Amino acid sequence: MSTTRKFKIWRGDAQGGDFKEFDVDVDPGMVVLDVLHRVQARQANDLAIRWNCKAGKCGSCSMEINGRPRLSCMTRMNVFGPDETITVQPLKAFPVIKDLVTDVSWNYRQNKRIRPLKPKPRDADGEHRMYQEDVDRVQEFRKCIECYLCQDTCHVLRDRGGQDRFVGPRFMIRLASLEMHPLDADDRIPEIRKEFGSGMCNITRCCTEVCPEHINITDNAIIPLKERVVDRYFDPIVYLGQKLFGISKRR
Amino acid sequence: MSLDISELKTIETDITVIGAGGAGLRAAIESSAQGLKTVVLSKSLLGKAHTVMAEGGMAAAMGNVDKRDNWKVHFRDTMRGGKFLNLWRMAELHAKQAPARVKELEEWGAVFDRTKEGLISQRNFGGHRYPRLAHVGDRTGLELIRTLQDHGVHQGIDFLMECTALRLLKDGERVAGVLAYYRETGRFVLIRSRAVILATGGAGKAWRVTSNSWEYTGDGTYLAYEAGAELMDLEFTQFHPTGMVWPLSVRGILVTEGVRGDGGILLNKDGKRFMFDYVPERFAAETADTVDEATRWLNGDKNARRPPELLTRDVVARSIRAEIKAGRGSPHGGAFLDIASRRPADFIKRRLPGMYHQFKELAEVDITKEPMEVGPTLHYFMGGVRVDADTQMTRVPGLFACGECGAGMHGANRLGGNSLSDLIVFGTLAGKGAADYARSLGASPRADDEQIKVAIRGATEILNRESGENPYLLHEKLQDVMEEGVGIVRAEDELKQGIRGIEELGERAKNMKAAGTSQYNPGWHEALSMRSLLVTAEAVARSALMRQESRGAHTRLDYEGERDEWVKYNIVCRKSPDGHMECEKVLRPPAAPYLEEIANSKIEDLESGKVGAAAPND
Ligand SMILES: Cc1cc2nc3c(=O)[nH]c(=O)nc-3n(C[C@H](O)[C@H](O)[C@H](O)COP(=O)(O)OP(=O)(O)OC[C@H]3O[C@@H](n4cnc5c(N)ncnc54)[C@H](O)[C@@H]3O)c2cc1C
Ligand code: SF4
Ligand code: SF4
Ligand code: FES
C-alpha cells in the first residue's frame with residue numbers, strides 16, 4: 001500500500017543551491033531516511049546524505065526536516081499530515097559541503113580542546129570503585145551520540161560569531177561529564193568559565209528540546225556547571241537566573 | 001589522461017590504520033604509544049563507526065559478579081560456542097587479556113554500570129556460563145568508541161575522516177602504503193607507510209536483512225585479497241536470532257541479546273516457549289529442561305541451569321526459523337520475544353533503554369507491555385583476513401588485520417560480547433605487531449607509480465564513462481542473490497546458483513556508471529564498494545559450497561550435522577596468479593595440550609581444579 005509523497009530537498013554546495021521537488025513512493029513504516037535513499041537510488045544517484053546506522057545510534061543523519069532539526073532515520077513518515085510536503089535541508093549552524101551534508105569539523109576541534117580524564121589512583125587491590133548512584137548523572141551525559149542537533153539549535157552558535165566564544169551544549173555536557181566524574185582529579189571550573197564560555201548560555205532550553213537521547217542538557221549539565229562557576233566567581237547572570245527562575249542549587 | 005604522481009597529496013608515515021572502529025582505534029593508540037607515527041583513515045566521521053551500534057556488552061572474565069569465573073571458563077565457552085573451530089591460540093589470548101583491556105578503558109574515561117560493591121557490573125549472555133559482559137545499559141559500543149576516540153585524539157594520531165581506502169600498495173612482496181580518496185572533495189591521497197593495519201569490519205550489506213550499517217561492504221577483505229593475503233572461514237556468517245521484522249523498512253535492525261540475558265523468553269504464535277524443544281546434545285547437561293528451573297535461574301539460584309533462550313546464536317536462529325517454517329510464526333513472520341511479562345516496566349526501561357526507545361519510535365510497540373516480533377538477521381562475519389594469532393600479521397609482510405575483518409578468534413560461531421573484547425585485545429596486539437615490524441624494517445618500502453595510476457584510473461573510470469549500470473540497483477540485485485542462494489540454511493544447488501549470480505553481477509559491475517562529479521558523491525562511493533562486496537560475497541559462497549557439513553553458523557541442508565573430518569580444516573581463499581579466486585582446505589594448527597584439555601573438560605572438573613590447574617596464566 002504505497003502512496004506518493006512530495007519532497008522538497010535542498011541541493012547545492014558551498015556556492016549555493018535551491019530546493020528541488022521529488023515525487024516518491026512511500027511504504028508504511030518508512031522513515032525520512034528511507035525515502036531519501038529511494039530518491040538516491042532511483043532519481044538522484046549523487047544526492048549527498050550522511051548516515052551510518054539507520055537505528056538512531058550514531059548521530060550521522062542530522063538534518064532539518066520541515067524546519068526542525070531531527071535525525072532522519074528516526075523520523076517516521078506518519079508524523080506528517082497525509083498531504084504535507086516534506087522539506088529537507090542541511091543543518092544551518094554549519095557550512096554546507098553538498099546537499100544535505102555539512103562540515104561539522106568545528107565540533108571535533110572543540111572536543112579536542114577539552115582535556116581528557118585525569119584518573120585518581122586505583123585502590124590497593126588495583127580496582128577503581130565507583131557507585132551507581134554517583135555515575136548515573138555522568139552516564140546520562142555519555143549517552144550523547146554527537147548528532148549536533150543541539151548545536152544546530154543553539155542561537156549562540158547559529159549566530160556564527162558565537163562559535164568563537166561558546167563550545168555549545170554538546171560540549172557543555174561533555175565538560176559536565178568530566179567535572180562530575182568520580183575519578184577525575186582535574187580542576188575544570190576556570191576554563192569552563194573562560195575558555196568554554198559557560199556564561200554565553202542564557203538557559204533557553206532549546207537544545208534540550210531537540211536532543212534525540214533526551215539528555216536534560218540545560219537543567220542537569222549547564223545550570224549545575226554555571227552554579228559551580230558562580231560558587232567560585234559570583235557570576236551575576238546566573239545569580240539573577242536563580243532569583244528569576246527559582247532554580248535551586250543541587251549539591 | 002596523464003597523471004603526475006608527484007602532484008598527488010602525499011602523506012608519509014610509519015603505520016596506517018584503515019578503520020576507526022574499536023579495533024582500529026585501539027590499534028592506533030598502541031602503535032602511537034610505541035612511538036610510531038600513526039595515521040587513521042575512516043569512511044565515516046570519527047565516532048560513527050559500526051562499533052557505535054554495539055549494545056549488550058563486552059565479555060571479560062573479571063569475576064566481579066560471579067567469582068567462579070576465570071579465563072579458562074571463558075576460553076572453554078568460546079571454543080564450545082565456536083564449535084571447536086576457533087584458532088586455539090587466539091581464543092586463549094582473548095580470554096586471558098580481555099580483563100586488563102576492559103579495566104584500562106576506565107582509566108580513559110569509560111563509565112560502565114556498577115555492582116553494589118562499586119566494581120564493573122557484568123551481565124549474562126548466550127553461551128557464557130557466568131555473568132561476564134561489562135556493559136553500559138544497552139549502549140556499550142557507544143561507550144567503547146567514545147572512550148577510545150576521546151583518548152585517541154590526544155595521542156598525536158593523525159585522523160583522516162571520510163577518507164576511503166581504495167587499494168593497498170606494495171614494494172615487491174611487502175606492503176608500502178595505501179591509495180585513498182577524500183569523500184568531501186573527491187581528491188586522491190597517497191599514504192606511504194611502513195605497515196598497514198586493516199580494521200574495516202564485516203560485509204553484512206551483501207544481504208538485505210542485516211543489522212549492519214552502510215560501511216559493511218567488506219573493504220578490508222577485498223583490499224587484503226587484492227594485495228595477496230588470504231581469507232579464511234568466510235562460510236561462517238552469523239545470523240543473529242533477534243532482528244526486528246516489522247515494519248518492513250526496519251527489518252533487520254538488531255534487538256540485543258541482552259533482552260534474553262535479562263529474562264526475555266521466546267514464544268511461538270500459540271504462546272509456547274519453544275526453545276526447550278531445540279536443546280542440542282552438547283549443551284543439554286548445562287541447560288535447564290523445565291520452565292521451573294529456568295525461572296529459578298532468573299531469580300538468582302546458582303544451582304539452576306541456564307534457560308534455553310541463552311543457547312548460542314546459531315542454535316536460537318535456526319530454532320526460530322524452524323518454528324516459522326512449521327507455520328507457528330508471528331503475524332509478520334517472526335517469533336515473539338517477551339520481556340513485558342517477566343520484568344517490571346521500570347527494570348526494562350533502566351536495563352534496556354535503547355530497545356524501549358527503538359520499538360516505541362520505529363514500530364509503535366511498548367516493550368514493557370507487549371511482546372516484540374523478531375527474526376534472524378545477518379549480523380557478523382566470523383571469517384575474514386587470515387592472520388598470525390600473536391602478531392595479527394597476514395602472509396603479506398607489513399599487512400595486519402584485526403577486529404571483525406580478521407579471522408580465527410570465533411571459529412564457526414561467535415558468542416555475544418566476544419567481539420567488543422576481541423577488538424581491544426587484538427587491536428592492541430596488531431598495533432604492537434605492526435610497530436615491531438615497522439621498527440625492524442630498513443629503508444622504507446616504496447610503491448612504483450604504475451600501481452598508483454592503475455588504482456586511480458580504476459576509480460575515475462566509473463565517473464568518466466558515458467553511461468552504464470546503476471550501482472544502487474546492482475547492489476539490490478546482489479542482495480537478492482545472497483538472500484536466495486547463501487542464506488541461513490544452504491544447499492549445493494542454491495550455492496552454485498548463488499555463485500553464478502555473483503559472477504554475472506561481477507561482469508555487469510565492470511560497466512558501472514556514477515552520475516555527477518567526484519565531490520561527496522554517494523553513487524560513486526557505492527560503485528567502489530560494490531567491488532569489495534562482490535569479492536567478499538564470492539568468498540562466502542565458495543567456502544560455503546566447499547564445507548560439506550553443518551557447523552555453527554554454517555548450515556547445509558544436504559550435509560546435516562558436524563562431521564569429525566571437517567573440524568581439522570579451515571577453508572582459505574586467495575587470488576590465484578591468473579586472477580581467479582581459489583579456495584582450499586588447510587589443516588589447522590594443533591592445540592597446546594592444556595588448551596585441548598580445558599576445552600573438552602567437564603565444567604565440574606575445571607572448577608574443582610582437577611583439570612587445567614597447571615595451565616600458564618599469562
Ligand atoms: C547492532 C549491533 C549490535 C552489536 N552488539 C554487540 C555487543 O553487544 N557485543 C559485541 O561484542 N559485539 C556486538 N556487535 C558486533 C560488534 O559491534 C562489531 O563486530 C564490532 O564493533 C566491529 O568493530 P571493528 O572495529 O572491527 O569495525 P567497525 O567498528 O565496523 O569499524 C570499521 C571501520 O572501518 C572503516 N572502513 C571500512 N572500510 C573502509 C575503507 N575502505 N576505507 C577507510 N575506512 C574504512 C569504517 O569507516 C569504520 O571506521 C554488534 C553489532 C551490531 C551491528
Ligand atoms: S539552553 Fe543554552 S546551550 Fe541550550 S540552546 Fe539555549 S543558549 Fe544554547
Ligand atoms: S547532546 Fe543530544 S542533541 Fe546534542 S549532540 Fe548529544 S545527542 Fe545530539
Ligand atoms: S543513521 Fe545513525 S543516527 Fe541516523
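Trainee: Which domains does the assignment give for chain B?

Mentor: Two stretches are listed for chain B: domain 1 covers 242–377 and domain 2 covers 453–568. Keep in mind that this is a predicted model. The C-alpha centres of these two domains of chain B lie 32 Å apart.

Trainee: What makes you say that domain 1 and domain 2 of chain B are in contact?

Mentor: The cut-off is heavy atoms within 4.5 Å. Six residues of domain 1 of chain B are in contact with six residues of domain 2 of chain B, so they pass that test. Put together, the two domains of chain B bury about 480 Å², with 58% of it on carbon and sulfur atoms.

Trainee: Why is the pair B:Glu562 and B:Arg282 called a salt bridge?

Mentor: The rule asks for a side-chain nitrogen of Lys or Arg within 4 Å of a carboxyl oxygen of Asp or Glu. B:Arg282 and B:Glu562 have their closest N and O atoms 3.0 Å apart, so the pair qualifies. Across this interface of domain 1 and domain 2 of chain B, the rule finds one salt bridge. It also finds three residue pairs in polar contact there, both residues at pLDDT 80 or more.

Trainee: Which helix gives the most to the domain 1 side of that interface in chain B?

Mentor: That's helix α9 of chain B, residues 313–325, with four residues on the side that touches domain 2. By class, this side of domain 1 of chain B has two nonpolar, no polar and four charged residues.

Trainee: Over to chain A. How do you know where its domains run?

Mentor: The domain assignment gives domain 1 of chain A as 3–102 and domain 2 as 105–245. Their C-alpha centres lie 30 Å apart. In this pair, 16 residues of domain 1 of chain A are in contact with 17 residues of domain 2 of chain A. About 1,200 Å² is buried between these domains of chain A, 55% of it on carbon and sulfur atoms.

Trainee: Which three residues supply the most of the area that domain 1 of chain A buries there?

Mentor: A:Pro69, A:Ala93 and A:Phe94 supply 44% of it, more than any other three residues.

Trainee: And why does A:Arg158 with A:Glu64 count as a salt bridge?

Mentor: Same style of check. The closest N and O atoms of A:Arg158 and A:Glu64 are 3.4 Å apart, and the limit is 4 Å, so the pair counts. The count between the two domains of chain A is one salt bridge, along with six residue pairs in polar contact, both at pLDDT 80 or more. On the domain 1 side of chain A, β3 and β4 (68–71) are the elements that give two or more residues, and β4(A) has the largest share, four residues.

Trainee: How is the size of an interface often given?

Mentor: As the accessible area lost when the parts come together. Chain A and chain B bury about 5,200 Å² between them, 50% of it on carbon and sulfur atoms. Within chain A's part, A:Asn52, A:Lys57 and A:Arg142 supply 14%, more than any other three residues. As for contacts, 61 residues of chain A meet 62 residues of chain B.

Trainee: What makes A:Arg142 and B:Glu143 a salt bridge?

Mentor: Their side chains meet at 2.6 Å, N to O, which is within the 4 Å limit, so the name fits. The count between chain A and chain B is nine salt bridges. The rule also finds 46 residue pairs in polar contact across this interface, both residues at pLDDT 80 or more. On the chain A side, α3(A) gives the largest share, five residues.

Trainee: Now the ligands. Why does B:Ala20 qualify for a polar contact with ligand 1?

Mentor: The limit for a pair of N or O atoms is 3.5 Å. A backbone N or O atom of B:Ala20 lies 2.9 Å from an oxygen atom of ligand 1, so it qualifies. B:Gly417 has a polar backbone atom 3.4 Å from an oxygen atom of ligand 1, so it makes the cut too. Of the 40 residues around ligand 1, those that come nearest are B:Thr51, B:Glu215, B:Tyr216, B:Asp219 and B:Glu404.

Trainee: How do the residues around ligand 3 divide by class?

Mentor: Nine nonpolar, no polar and two charged. Cys counts as nonpolar in this scheme, so A:Cys144, A:Cys147, A:Cys150 and A:Cys211 go in that group. The shell around ligand 2 has seven nonpolar, four polar and one charged residues, with A:Cys154, A:His155 and A:Arg205 among them.

Trainee: Last one: why is A:Lys54 listed for its phi?

Mentor: A:Lys54 has a positive phi of about 50° although it is not a glycine. A:Lys54 is found in the loop between α1 and β3 (62–65) of chain A.

Notes: Residues numbered from 1 in each chain as written. Chains lettered and ligands numbered in written order. Predicted model: local features only at pLDDT ≥ 70, side-chain atom pairs only at ≥ 80, totals over all residues. Heavy atoms only, no water. Near = heavy atom within 4 Å. Domains from an automatic or database assignment. Buried area = accessible area lost by both parts, 1.4 Å probe. Polar contact = N/O pair within 3.5 Å; in protein donor to acceptor, adjacent residues only side chain to side chain.
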